[in-house]
Amino acid sequence: MKKLLIALVTLLPSLAMAASGHSVHLESANVDLHDKASLERGLDSFQHYCSGCHSTQYQRYERVATDLGISNDDMRNKYMFTGAKIGDLMENAIPTPDAAKWFGAAPPDLTLVARVRGADWVFSYLKGFYADETRPFGVNNTVFPAVGMPHVLQDLQGLAVKQDDGTYVTTGGKMSAEEYDQVVRDITGFLVYSAEPVQLEREALGWWVLGFLFIFFIIAYLLKKEYWKDVH
């Protein structure tokens, strides 16, 4: 419970920013939680580019493997880099004191980020980095101004430079804009799944509940008619 409260506190600055009137245009993430191939690609990208600093410590490797249809051996060989066991929580590799010293504050856990900020925010944030020499890591973000992290996906996207007319020109990336969008959508999808692993089960159960209530309503209505037919 204590860790959960800490994770929520780390996300409060974004909520305060929203309350202060800061608003940006967010692109639609179009995440599909039924697409397990996309979720696994998102896991792969997250583990290789993000998990060095960020954790998703409220979920376990084994549960993720089961949900995404990944064998335990593949999970160990492809996506586990900290020497953890398959049943362990997905914690990051960097010690918290070192992270706080290097970045000014320890990078937050991201298990709940998509639940708190929304999928569109995460998607737009990962696309929103641009060159800014005034920042410690040489980049800023259109969605989260004065961001304190480097652009870890820069080799894929390239670096956007703001033009005099307010537009951005991106150069130097290994991927086209469409390919990079897919990578970001995959990561976003994985974080949406991480925030609520039972979402699809909950939605499926909801349809069964609605079906039961509909059938029960018909039975109750017929029973009511049978009971009151002699009264009138």
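**Exercise 1. Count the disulfides in this predicted model, and check the cysteines Cys50 and Cys53.**

*Solution.* Let's start with the total: the count comes to zero disulfides in this predicted model. Now take Cys50, which is in no disulfide. The cysteine sulfur nearest to that of Cys50 belongs to Cys53, 9.0 Å away. A disulfide requires two cysteine sulfur atoms within 2.5 Å, so the 9.0 Å between Cys50 and its nearest cysteine sulfur rules out a bond. Turning to Cys53, this residue is likewise in no disulfide, and its nearest cysteine sulfur is that of Cys50, at 9.0 Å.

**Exercise 2. Classify Cys50 and Cys53: is each buried, partly exposed or exposed?**

*Solution.* The cut-offs come first: under 20% relative accessible area is buried, over 50% is exposed, and values in between are partly exposed. Cys50 has 12%, so Cys50 is buried. Cys53 has 25%, so Cys53 is partly exposed.

**Exercise 3. Find the residues that make the nonpolar surface patch of about 1,000 Å², then look at Phe216.**

*Solution.* The patch is built from Leu205, Trp207, Trp208, Val209, Leu210, Phe212, Leu213 and Phe216. Next, place Phe216: it lies in helix α11, residues 199–228. Finally, its relative accessible area is 51%, so Phe216 is exposed.

**Exercise 4. Work out how well helix α8 is covered, and by which elements.**

*Solution.* Helix α8 spans residues 119–127, and seven of its nine residues are buried, which leaves the helix mostly covered. Name them next: Trp121, Val122, Phe123, Ser124, Tyr125, Leu126 and Lys127. Last, find their partners: the buried residues of α8 pack against the helices α7 (113–117), α9 (154–157) and α10 (177–195), and against the strands β3 (129–131) and β4 (139–141).

Terms used: Residues are numbered from 1 along each chain as its sequence is written. This is a predicted model: local features need pLDDT of at least 70, side-chain atom pairs count only at pLDDT 80 or more; totals for chains, interfaces and linings use all residues. Side-chain values use heavy atoms; hydrogens and water are left out. Buried means under 20% relative accessible area, exposed over 50%, partly exposed in between (1.4 Å probe, protein chains only). Patches are made of residues with over 30% relative accessible area and no salt bridge: like charges are joined within 9 Å, nonpolar side chains (Val, Leu, Ile, Met, Phe, Trp, Tyr) within 5 Å. Accessible areas come from the Shrake-Rupley method with a 1.4 Å probe; for residues, only the protein chains shown count as cover. A salt bridge is a side-chain nitrogen of Lys or Arg within 4 Å of a carboxyl oxygen of Asp or Glu. Helices (H or I, at least four residues) and strands (E, at least two) are DSSP runs, numbered from the N terminus. Contact means heavy atoms within 4.5 Å.
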